[in-house]
Amino acid sequence: MTEPAARLRAHQLRLGYGDEVVIDGLDLDVLDGTVTAVIGPNGCGKSTLLRGLARLLPARSGHVLLDGRRIDRYPTREVAKVLGVLPQAPVAPDGLTVADLVSRGRHPHQAWYRQWSGDDEQAVAEALAWTGMSECAERTVDTLSGGQRQRVWISMALAQGTDILLLDEPTTFLDLAHQVDVLDLVERLHREKGRTVVMVLHDLNLAARYAGRLVAMRDGAVVADGPPEEVLTASLLRTVFDLEARVIEDPVAGTPLVIPIGRRHRDDRADRADTEQADTDRADPNPDRADTDRADPEQADTDPDHDPDRADPDSRTATRIVDARADHRASNRR
């Protein structure tokens, strides 16, 4: 099967802020029609990478290609028609309604000769319906719950009509139920509308469930890149996150499930191992003796060092009685 084309490609990318270099010499391909989750510890450069891919942070060296062309040579409006970005914890202006926010996704399609049209109205209505937010269209964004707000922002990206979505921690500040709800929506975008998605996630188990590819970063570099079952290993978690963990199969999704092992549980496991060893030692303080007792009994007869006088007293007495009876019978025959 032919591998999908790279929609976005970072080549020897160098990014930073002020005098600080965060990413240096990074290579990464974002393949068409895939869902990629970028994982890694805080401060490793995940969000910086996303900003660089979106052209929100200029490259100091290297470059990003969008559909084979350097992204910094595209007009801004053209980039916005292809690539949508949902930043970390976005904030809407006070008093802005849901419909107004979603309609801003249509700005790249506007021009002096093309103002708001029926097509734009339809795109907004479809985006709200698709995300289940139509009933909230006239509510102000600041009256919504965290999960509803994320749905509205995704609606705006959907109305924008882009093929590629870059989502920077879309589940931040959400409870678990709303995290799953938002990621279900992203998964539907990919499955039903063919969107290419790159998202930064902190929850490793959700990343493994919802992304077909994981990119693990540390200190501004890609440490591992591949399917979740190849990336999420105990060894990698130790290397990337300084985390001791067990990785088992998720009983629901069949994907890797990370079980962290904190210091307390590591100490408990060590204590249990010490206790079990002490119990074993008390039960059998001289394990070598057991081996001797299980030795071949015939060996004693052939052992030149065997001393019959050191045998069990009862067995010596029985031997003397047998010998005495044998001597008495011999005497009577004579």
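**Exercise 1. The open sheet**

Task: In this predicted model, state in which order the four strands of the open sheet stand, and which of them lie at the edges.

Solution.
- Step 1. The order of the four strands is β2-β1-β4-β5, and their pairing is antiparallel.
- Step 2. β2 (20-31) and β5 (69-70) each have a single partner strand and stand at the edges, so one side of each has no neighbour in the sheet.
- Step 3. At the β5 end, β4 (residues 61-66) pairs with β5 over two bridges in the antiparallel sense. Leu-66 is opposite Arg-69 of β5.
- Step 4. Arg-69 also lies over the face of Tyr-74, 4.3 Å from the ring centre.

**Exercise 2. Strand β8 and its partners**

Task: Determine how many residues of β8 are buried, and describe how β3 and β7 are joined to β8.

Solution.
- Step 1. Strand β8 covers residues 196-200, and five of the five are buried, so the strand is largely enclosed by the rest of the structure.
- Step 2. Sort the side chains by direction: Thr-196, Val-198 and Val-200 point one way, Val-197 and Met-199 the other way. Both sets are buried.
- Step 3. β3 (residues 35-39) runs parallel to β8 and is joined to it by four bridges. β7 (residues 164-168) is also parallel to β8, with five bridges.
- Step 4. Take Val-198 as a reference point: Thr-36 stands opposite Val-198, and so does Leu-166.

**Exercise 3. The buried face of α9**

Task: Find which residues of α9 are buried, and explain why they line one face of the helix.

Solution.
- Step 1. In α9 (residues 234-241), the buried residues are Leu-236, Leu-237 and Val-240.
- Step 2. Viewed down the axis of α9, these buried residues fall within an arc of 100 degrees, so they line one face of the helix.
- Step 3. An α-helix has 3.6 residues a turn, so residues three or four places apart point the same way.
- Step 4. The buried residues pack against the helices α7 (204-210) and α8 (228-231) and the strands β9 (213-218), β10 (221-226), β11 (245-249) and β12 (256-260).
- Step 5. Just after α9, Asp-242 has a positive phi of about 55 degrees.

**Exercise 4. Cysteines and rings**

Task: State how many disulfides and how many aromatic pairs the structure holds.

Solution.
- Step 1. The number of disulfides is zero. Cys-44 is buried at a relative accessible area of 2%, and Cys-136 is buried at 10%.
- Step 2. The number of aromatic pairs is zero.
- Step 3. A ring can still have a charge over its face: Arg-188 lies over that of Trp-130, at 4.0 Å from the ring centre.

Key: Residues are numbered from 1 along each chain as its sequence is written. This is a predicted model: local features need pLDDT of at least 70, side-chain atom pairs count only at pLDDT 80 or more; totals for chains, interfaces and linings use all residues. Side-chain values use heavy atoms; hydrogens and water are left out. Buried means under 20% relative accessible area, exposed over 50%, partly exposed in between (1.4 Å probe, protein chains only). The arc is that of the directions from the helix axis to the C-beta atoms. Contact means heavy atoms within 4.5 Å. Rings of Phe, Tyr and Trp (its six-membered ring) pair if their centres lie within 6.5 Å; planes under 30 degrees apart count as stacked, over 60 as edge-to-face and the rest as tilted. A charge sits over a ring if NZ of Lys or CZ of Arg is within 6 Å of the ring centre and within 35 degrees of the ring normal. A disulfide is a pair of cysteine sulfur atoms within 2.5 Å. Two strands pair if DSSP finds at least two bridges between them.
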